[in-house]
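Hi,

Here is the structure I promised to pass on. Have a look at it first, and then read on for what turned up.

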Amino acid sequence: ARVYKKLEMRNSALSDYGIYIVTSSDFSHLPPSVKAESSGRTAYFKVTGTNLPNITQVEIEYYGEWKDNKKYGVQFCADSYAFIEPNTDKGMISFLSSKAFPQIGKTAATNIVAEFGRDTFEIIKNAPNRLLVVPGITPRKVGLIVTAYKKNQSYSELASFLATFGLSSDQIVRINERLGTDAVAMIKENPYIIQRIRGVGFRTCDRIGRELNAAL
């Protein structure tokens with residue numbers, strides 16, 4: 001697992017493929033060539049992948065592998081990702097106004113964080129109706145925020161769980177959409193439940209099952 005903070009994104013000719021300029025201070029997970037080019041306590045490098053989130057100023061844990069591209073040098077090729085819940089005002093506003101929270105927008109996100117500060121995500125998780133005191137937040141928007149928050153948490157938990165099994169971001173998205181917030185528990189109980197999902201075959205399910213049994 002590797003934690004990075006995304007700084008910038010460039011789209012390629014493929015609509016779902018992106019090249020991300022990120023920074024990390026977690027040198028224990030960086031290859032020697034990236035460390036050698038770092039400045040002080042921060043390293044800058046590229047992360048590439050499909051269907052990765054276009055969010056800045058938010059920590060993201062990417063899963064994949066390092067590859068040495070002959071043209072562009074060492075890059076991290078990400079198969080999937082998980083959000084690290086931000087705890088700064090800037091990070092929370094960026095997260096809440098990103099595509100991870102559709103139809104919320106920066107103004108509403110700024111107002112929410114101004115009202116609740118570091119308690120913002122606790123409020124969303126445990127007392128969402130308190131959001132109604134924020135200017136511009138309607139019962140409909142509360143519902144959208146809660147639904148998006150649960151979906152993001154569910155995906156992050158599922159991605160972290162499945163990362164070691166080599167599933168792609170597309171596969172994890174489909175599993176999350178099909179199984180919902182109980183996906184991890186359902187897969188642990190019966191790994192073959194995801195065989196019916198497009199792109200996931202019997203061999204993958206069997207490997208998950210064998211590794212889960214070995215861990216018991």
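Let me begin in the middle of a strand: Ser80 sits in β5. Keep in mind throughout that this is a predicted model. Is Ser80 buried or exposed? Its relative accessibility is 1%, so Ser80 counts as buried. Leaving aside residues up to four places away in sequence, Ser80 touches Glu61, Tyr62, Tyr63, Tyr155, Ala159, Leu167, Ser169 and Ile172. Try picking out Leu52 as well: from C-alpha to C-alpha, Ser80 and Leu52 are 7.3 Å apart in space, with their places 28 residues apart in the sequence.

**The overall picture**

Now zoom out. The protein is built from 8 helices and 5 strands. If you follow the chain along the sequence, the pattern reads β-β-α-β-β-β-α-α-α-α-α-α-α. Along the principal axes, the C-alpha atoms fill a box of roughly 50 × 45 × 35 Å. How does the radius of gyration fit with a compact globule? For 216 residues such a globule would come out near 17 Å, and the protein has 19 Å, which agrees.

Of those 216 residues, 43% count as buried. Contacts across the sequence are worth a look too: taking those between residues at least 6 apart, 53% join residues at least 24 apart. As for the outside, the protein exposes about 11,800 Å², and carbon and sulfur atoms supply 48% of that area. On the charge side, there are 28 positive and 21 negative side chains, and the centres of the two sets lie 5 Å apart.

**Aromatic rings**

How many aromatic pairs does a search of the whole structure find? There are 10. One of them is Trp66 with Phe76, an edge-to-face pair at 5.2 Å centre to centre, with 75° between the planes. Trp66 belongs to strand β4 (residues 59-69) and Phe76 to strand β5 (residues 73-83), so this pair ties together parts that are 10 residues apart in sequence. Phe76 is buried, and its relative accessible area is 0%.

Phe83 and Phe95 make another pair: the ring centres are 4.9 Å apart and the planes stand at 55°, so the pair counts as tilted. This one links distant parts of the chain, given that Phe83 is in strand β5 and Phe95 in helix α2 (residues 89-96), 12 residues apart. Both rings belong to residues that count as buried, Phe83 at 12% relative accessibility and Phe95 with a relative accessible area of 3%.

Which residues share an aromatic cluster with Phe83 and Phe95? They are Tyr81, Phe101, Phe121, Tyr149 and Tyr155. You have met Tyr155 already, among the residues that Ser80 touches.

**Around helix α2**

Stay with α2 for a moment, as Ile93 also has its place there. At 15% relative accessibility, Ile93 counts as buried. Not counting residues up to four places away in sequence, the contacts of Ile93 are Lys106, Ala109, Thr110 and Val113. Ala108 is 15 residues along the chain from Ile93, and the C-alpha atoms of the two are separated by 8.9 Å.

Further along you come to Gln103, in the loop between α2 and α3 (105-116). What sets its backbone apart? Most residues other than glycine have a negative phi. Gln103 has a positive value, near 70°. Its relative accessibility is 51%, so Gln103 counts as exposed.

**One more core residue**

Last stop: Ile145, which you will find in helix α5 (residues 139-162). Ile145 counts as buried, at 1% relative accessibility. What does Ile145 touch, not counting residues up to four places away in sequence? The list is Phe101, Ile104, Ile112, Ile124, Leu131 and Ile137. Phe101 is also a member of the aromatic cluster. For a sense of scale, compare Ile145 with Thr42: they are 103 residues apart in sequence, and their C-alpha atoms are 33 Å apart in space.

Happy browsing!

Conventions: Residues are numbered from 1 along each chain as its sequence is written. This is a predicted model: local features need pLDDT of at least 70, side-chain atom pairs count only at pLDDT 80 or more; totals for chains, interfaces and linings use all residues. Side-chain values use heavy atoms; hydrogens and water are left out. Rings of Phe, Tyr and Trp (its six-membered ring) pair if their centres lie within 6.5 Å; planes under 30 degrees apart count as stacked, over 60 as edge-to-face and the rest as tilted. Helices (H or I, at least four residues) and strands (E, at least two) are DSSP runs, numbered from the N terminus. Buried means under 20% relative accessible area, exposed over 50%, partly exposed in between (1.4 Å probe, protein chains only). The radius of gyration is taken over C-alpha atoms; the globule rule is 2.2 Å times the number of residues to the power 0.38. Contact means heavy atoms within 4.5 Å. Accessible areas come from the Shrake-Rupley method with a 1.4 Å probe; for residues, only the protein chains shown count as cover. Lys and Arg count as positive and Asp and Glu as negative; His and the chain ends are not counted. The place of a charge is taken as NZ of Lys, CZ of Arg, CG of Asp or CD of Glu.
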